[in-house]
Each structure stands twice: as C-alpha cells, then as structure tokens.
Amino acid sequence: MSALLLLAGAVHAQVVKVEEAKFFAGDDAAWQKPGFNDSQWQTLRLDKEWDLQGIKLYNSFAWYRLHVVIPSSLKDKTSGQLVLNLGPIDDCDETYFNGHFAGKTGRHHGDPEGYDGKWQKERRYLVDASWVRWDRDNVIAVRVYNGQGEGGFYKRAAFIEKPVIADYVSLDVTKEDDQAKALLTGIRKTGGKLTAKVQDGETGKILQTKNWNVKIGGKKSFTASVPVKGPSRVVFSYKDDNFEQTLEKSFCNPYILTPAAPATPRYNGPLVFGVRPGSPVIFHLAFSGERPMTYSVEGLPEGIVLDKENGVISGRVLKEGDYPLVLKATNGKGEARAAFTLKVGPRIALTPPMGWNSWNCWGTSVSQEKVMASAAALINRGLADYGYSYINIDDAWEAEERAADGSILTNEKFPDMKALGDWLHSKGLKLGIYSSPGDRTCGGYLGTLDHEEQDAKTWNEWGVDYLKYDWCGYRKVFDVSPDHSTAAYLRPYVKMQQYLREQPRDIFYSLCQYGMANVWEWGAFIDANSWRTTGDITDTWESLHSIGFEQQAGLHPYAGPGHWNDPDMLVVGKVGWSNDLRDSRLTPDEQYTHISLWALLAANMLIGCPIDQMDDFTFNLLCNNEVNAVNQDILGRQAHQDVVEDGMQIWSRDLYDGGKAVGIFNLNDAAMPTLLKGALEKIGLQAGKVRDLWRQKDIPTDATYIIPSHGVLLIKVNP
Ligand code: GLA
C-alpha cells in the first residue's frame with residue numbers, strides 16, 4: 001500500500017510513520033469499518049490541508065483512512081497498548097482503529113453541546129494491543145469536521161508508537177501560598193519516585209533536594225509541595241518504576257529585573273515621529289516620573305499645539321520637512337529633556353507600532369467597555385509613558401448587517417465608535433480596527449468585500465489610525481480564481497491601500513495573511529506598514545519557539561523604518577481569547593525571551609492582555625526603557641540570527657548610536673552557563689563595554705552567566 005512507510009523498513013521498528021491517507025469528502029458511518037473498500041478514494045498527504053491539495057474549499061465532514069502495517073516489534077508488554085500519534089487536525093476529529101473507537105477531540109457544529117474547534121491540538125490516542133493486526137494492514141479511520149477555511153490533517157505525518165510515561169501519568173505544577181505544588185495523576189495504577197530540586201532562580205544553584213515514593217492510579221493522585229521564596233525555581237521530576245522516561249516540570253516565581261523608574265522625569269519614547277503633510281498629529285510625550293508633571297516643547301512648527309497638562313501634541317503641519325524639537329518635562333523632583341524629530345513627509349511608522357490589541361485576551365467577547373478599560377489603564381498605569389499608544393480593536397466589533405446605504409455598522413457592544421476615537425485621541429492615544437478583504441472575517445463577521453472604499457471612508461470618520469486587514473474570508477474569492485500568482489495575493493491589499501491613502505489621516509496599514517507568497521518581499525512595495533509573517537501565536541513555548549526562532553530567521557533584510565515584519569501579538573499577562581482569562585502559560589524566563597526577541601526583531605509591540613488587570617511582573621516586561629529602546633531604535637534594523645549551536649541562539653542588531661543589541665538565548669531544557677566573552681567572539685565582537693539591558697547595569701565580559709532554560713541574556717555592546 002503506497003500510503004505507508006516503515007521507518008527504516010525494519011522488522012524492529014520502534015515507530016511507524018504514515019505520510020498519506022485515502023480521503024473522501026462526505027460523511028458515512030460505514031467508512032470507519034476496516035473492510036470498507038477505499039481504493040477509489042483520493043490519496044492525500046498528511047502535511048497539508050485538504051484545500052491545498054486540489055479539494056475545492058470544503059467546509060464540512062470528510063474522512064481519512066490511514067493504512068498501516070504494524071510490526072510486532074511495537075508490542076509493548078508493560079502497557080499492552082499502542083499510541084496513534086496523529087498530529088494536529090483542523091477543526092475536530094473522531095478516530096477509529098480497526099473499527100474500534102479510539103478517541104475524539106473538539107465538537108462539530110451539529111453536536112448537542114455546540115461547536116468547539118480544536119486547532120493546533122495534537123491528537124494522541126491510546127489503543128489496545130488486542131485490536132492490532134500485527135504485521136498486517138490496519139486501518140485508522142478519522143472522521144474530520146472543518147467549520148471554516150482550510151481543513152484536515154495539515155502539519156506532519158502520523159506516527160504509530162509505543163506509549164511513554166506521559167501517556168499514563170500527568171505532572172502538574174502550580175503555586176499556592178508560597179508553596180510550589182506538584183500533582184501527579186495516573187490513568188492506570190503505577191508508582192515511582194518524585195524529586196524536587198529548589199534552585200536559585202537567577203543562578204540555577206541548587207539550594208535543596210527532596211524525594212518522595214509515590215503510588216498513583218485509579219482514583220489515587222499524589223501531591224507534594226515545597227516552599228518557594230523570591231526568585232526561586234523548583235524542578236519536579238518523576239521517574240516511574242515501569243517506564244524509562246522521566247517526567248519533568250518546573251515552577252519559577254516571577255522575578256522582576258527592571259529597576260523601578262526614577263521619580264525625576266525620564267523620556268522613554270521614540271526619538272522620531274512620522275506624519276504625512278496635512279494629516280493629524282497625535283502624540284503623547286512619553287515621560288515617566290512623579291506626577292503632577294508639566295510639559296513644554298521647543299521648536300514646535302506652525303499648526304501644532306501642546307497640551308501642557310497631559311503632554312499631548314496635536315494639530316497638522318502642511319509643509320514637508322524635518323522639524324527638530326526638544327521635548328521637556330518637569331515635576332517636583334526635576335526636569336528632563338529629549339531631542340526629537342518630527343518628520344513631515346511621505347513616510348509614517350518610522351519605528352514599530354506600540355500599543356494594545358483585544359484579540360489575545362478577549363477574542364470575540366471584546367466590547368467598547370473592555371477597550372476603554374485597557375485604554376484608561378494604559379494611561380493610569382503609566383504604559384503610555386513608555387510609548388504605547390495604539391488601542392486596536394480586533395475582530396467582533398461588526399454588526400450583522402450593513403445599513404441601507406451599504407455602510408458598515410458596529411454591533412451593540414460598540415455603541416459609539418466615533419466617540420471612542422475622539423476620547424482616545426484626546427488622551428494622545430490612537431484607534432485601531434480590524435477587517436477582512438473577504439465577505440467575512442476569520443471570526444465570521446462582515447468583511448469589506450465590494451465595500452472597500454465606503455469602509456475606508458467610514459473608518460476615517462470614526463478617527464481610525466490603524467487597520468489590520470486579515471485575509472481569511474478572501475480565501476473564497478481567491479480559490480475560485482484560476483490566478484494564484486503573487487500578483488493575485490497582492491490584489492486585495494493594493495485595493496484597500498489606495499482607499500486608505502485617499503483619507504485625510506494617516507492609517508497604519510497592517511497586513512494579516514500569515515506570510516503567504518513571501519509577503520515580506522512585497523509588503524513594503526504596496527505601502528504596507530507591517531505584515532504578519534506567520535500563523536497565530538499562542539501562549540506556549542512550542543508556539544514561541546516556532547514563530548520566534550524558526551520562522552523569523554532570514555527576514556531581517558525586509559524590515560526598516562515605515563515597514564516591519566510582524567511575528568504576531570504579545571502573549572504575556574492574562575490571555576485566553578475569550579472571557580475565560582488565564583495567566584500566560586509561558587514561564588517567566590520564556591516571557592523575558594519573548595519580549596527580548598520581539599525587541600530585537602523590531603516587531604510590532606501589541607500587548608495582548610487586559611491592561612487594567614496587569615500584574616507588576618508583566619509591567620516590568622513591557623516597561624523597561626532600555627529594552628524598548630532596542631525595539632524603537634531609529635535605524636530600524638531587525639536582528640539577524642548569527643549563531644545556532646547546541647540549543648544556544650545568538651541574535652544581534654546594529655543600533656543608531658553605533659552600539660549593538662545582542663540576545664543570547666538558551667533554548668535547552670537545562671540552564672546554560674555562558675562565558676560572555678566566548679559568546680561575543682562567536683559573532684566577531686571583541687569584548688567592549690557591555691550593559692545588561694534587563695537589569696540596566698554594566699557587566700564584565702570575562703564572567704560566566706547562567707542563562708536559565710528557555711531564558712535570555714539581553715545586552716547592549718557599546719562601541
Ligand atoms: C486571525 C488573525 C488573528 C485574529 C483573528 C480574528 O486568526 O490571525 O490575529 O485577528 O483572525 O478573527
């Protein structure tokens with residue numbers, strides 16, 4: 001059978017790989033039976049959605065039948081079971097093995113409990129060894145439901161393998177009242193040893209070790225706890241008596257590295273701001289420091305005024321040119337000045353946009369009230385004093401239907417968009433909105449198709465300053481057209497760009513089409529200000545690793561002032577894509593890595609958590625002026641990946657003052673002692689004056705630093 005491939009073709013194979021399957025669009029319970037004759041069905045690869053393999057955009061049920069010879073070398077005496085490791089499937093599935101029900105994930109639209117799409121979720125099902133036809137053909141029949149867009153298996157081949165301990169025992173680690181707590185649960189009776197190692201959070205030094213003998217299974221679980229104080233980390237590991245592998249999970253107390261801002265005024269914002277001649281200027285002077293504070297500006301051109309109380313400059317400048325200004329802030333403790341250039345010309349977005357977006361927290365449950373709560377907190381908590389200014393509403397603001405004259409309307413959750421825009425502008429903030437070139441957005445709301453010009457005008461009336469334009473529903477138009485050239489990918493984006501440019505205000509143009517047709521190669525030419533380079537981010541290390549470290553490598557030549565690569569929004573603080581919020585599942589070290597990498601990448605810095613619910617740790621991540629200065633550096637050079645070596649990665653970028661920002665990342669699961677001098681030599685840098693940007697202090701290069709697992713040392717090397 002062509003659909004199967006035995007790894008190494010070996011009789012002693014430990015894993016069997018299946019790369020293809022028989023496929024049929026439709027639904028019939030008889031297709032789960034092993035004896036069903038599927039020879040007339042189409043053969044599809046498992047590493048690409050069905051729509052990308054010649055099946056016309058198809059949103060409903062379809063079946064995959066995977067044929068696989070399973071060698072007796074996969075018999076596992078300990079467990080008496082096998083694992084079907086199918087990878088992620090869009091959106092939901094129900095899986096049968098030789099006619100036996102093996103498992104299901106997600107729910108289709110007809111399900112009595114309602115639809116629940118489980119994108120990106122790995123499917124891993126245990127089946128009984130007694131169901132296997134050893135050394136003969138077996139059938140894995142998968143009933144897949146796709147609700148919208150591309151569907152089916154999409155990421156990789158399927159694997160048949162022996163179970164591992166993680167299939168039977170789960171280890172969860174939480175924190176309760178200064179105790180790190182491990183919870184072991186098992187779906188079968190077993191036992192082993194649990195160990196806890198308490199380490200110093202920053203240096204990795206082991207402070208304490210504890211062991212427990214464990215029996216679990218059935219209804220019996222096991223809990224153990226150890227006290228954690230300050231920046232300490234606890235690594236729990238469980239070794240089962242019957243399995244070779246060890247389960248390991250750690251807990252780290254969030255530790256704050258950013259020193260508190262001084263009470264005296266300090267400028268933390270960008271050093272340039274671009275505006276087109278005649279477009280409204282809205283700019284808040286980003287000074288931290290004790291309030292009350294008064295502001296003044298030297299050199300303001302005609303047409304621009306300053307609100308001395310809230311530090312917002314506004315107005316219009318008609319004449320092109322560079323206007324050098326001196327921004328000044330004064331409070332009871334002192335005064336600060338910053339040299340700044342207002343650049344009136346064809347180019348906007350001279351540094352990457354900083355602000356907030358509703359999607360990663362609220363998903364489709366966003367409302368005007370929630371948007372205003374984050375906007376107010378952006379000011380009250382002081383994030384606006386670090387340059388955050390865009391307040392972007394993502395999907396789900398749109399009404400069900402357009403008005404009689406065809407204009408787009410907001411739904412009941414957004415009673416007055418124009419008033420919201422005016423309110424934001426009065427505070428020096430900017431309004432962002434979301435739409436799609438298709439008839440529908442990704443969330444199924446109205447898109448702009450055939451109303452592009454009208455919608456651009458409406459947004460201008462509302463005072464929109466940022467548009468995220470998401471491909472999604474346009475797929476339907478694209479799929480039925482015979483033209484799939486790069487020009488066809490550009491078409492809907494060029495169209496909207498033209499209407500945006502006709503508006504009498506600057507609208508940051510953010511393309512969202514997940515990197516198709518190498519968007520970075522043409523985004524700048526169609527006057528886009530940023531373009532998403534990848535699919536959607538989520539708050540896991542796997543997602544951060546893939547989007548940040550794999551998919552951004554090599555994209556540095558395409559970014560620059562006015563046009564940026566966008567690796568998606570931030571997943572720090574509380575996220576959840578719904579009303580159901582949780583703390584980001586990234587560990588504190590992974591969050592330092594996330595923000596450091598986004599700063600190096602000159603990425604859009606769009607906060608994805610409700611700002612009114614932000615904790616001090618998240619504030620410390622987002623409001624480190626020296627880290628943000630890397631992101632906002634006016635040279636606009638995105639970092640390149642210089643070193644990939646044994647789980648270490650080094651990324652660096654040149655800065656306008658002749659310095660270099662360097663991130664030394666540890667992608668391994670264990671802490672990595674690093675001689676700084678040695679690491680710098682790898683990228684051809686002689687040891688110079690080095691500053692640790694998170695801790696904001698100068699550090700020696702001839703010392704060894706412990707970079708925690710999934711953590712980073714972010715430095716600036718000064719000339
Ligand atoms: C897509 C985008 C997300 C978000 C949603 C909204 O998935 O990539 O960032 O805008 O659509 O439906």
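A disulfide is a pair of cysteine sulfur atoms within 2.5 Å. The structure examined here is a predicted model.

**Exercise 1.** Determine which cysteines form a disulfide, and describe where the two partners lie.

*Solution.*
1. The sulfur atoms of Cys442 and Cys472 are 1.8 Å apart, so the pair satisfies the cut-off of 2.5 Å. The count comes to 1 disulfide.
2. Cys442 belongs to the loop between β31 (430-435) and α4 (452-462), and Cys472 to the loop between β32 (464-470) and α5 (474-480); the bond therefore ties together parts that are 30 residues apart in sequence.
3. Because the torsion about the S-S bond is about 100 degrees, the disulfide is right-handed.
4. Cys442 is partly exposed, at 27% relative accessibility, whereas Cys472 is buried, at 12%.

**Exercise 2.** Explain why Cys512 and Cys623 are not bonded to their closest cysteine sulfurs.

*Solution.*
1. For Cys512, the closest cysteine sulfur is that of Cys442, at 6.5 Å, which is too far for a bond.
2. For Cys623, the closest is that of Cys609, at 10 Å, again too far for a bond.
3. Cys512 is buried, with 1% relative accessibility; Cys623 is also buried, with 3%.

**Exercise 3.** Is His284 buried or exposed, and which polar partners does its side chain have?

*Solution.*
1. His284 is part of strand β22 (residues 280-284).
2. Its relative accessibility is 14%, under the 20% limit, so His284 counts as buried.
3. The side chain of His284 makes a polar contact of 2.9 Å with the side chain of Asp385. A polar atom of the His284 side chain also lies 3.3 Å from the backbone oxygen of Asn310.
4. Residues touched by His284 include Tyr295, Val312 and Gly428.

Key: Residues numbered from 1 in each chain as written. Predicted model: local features only at pLDDT ≥ 70, side-chain atom pairs only at ≥ 80, totals over all residues. Heavy atoms only, no water. Helix = DSSP H or I, 4+ residues; strand = E, 2+ residues; numbered from the N terminus. Buried < 20%, exposed > 50% of the residue type's maximum accessible area, 1.4 Å probe, protein only. Polar contact = N/O pair within 3.5 Å; in protein donor to acceptor, adjacent residues only side chain to side chain. Contact = heavy atoms within 4.5 Å. Lists of a residue's contacts leave out its neighbours within four places in sequence.
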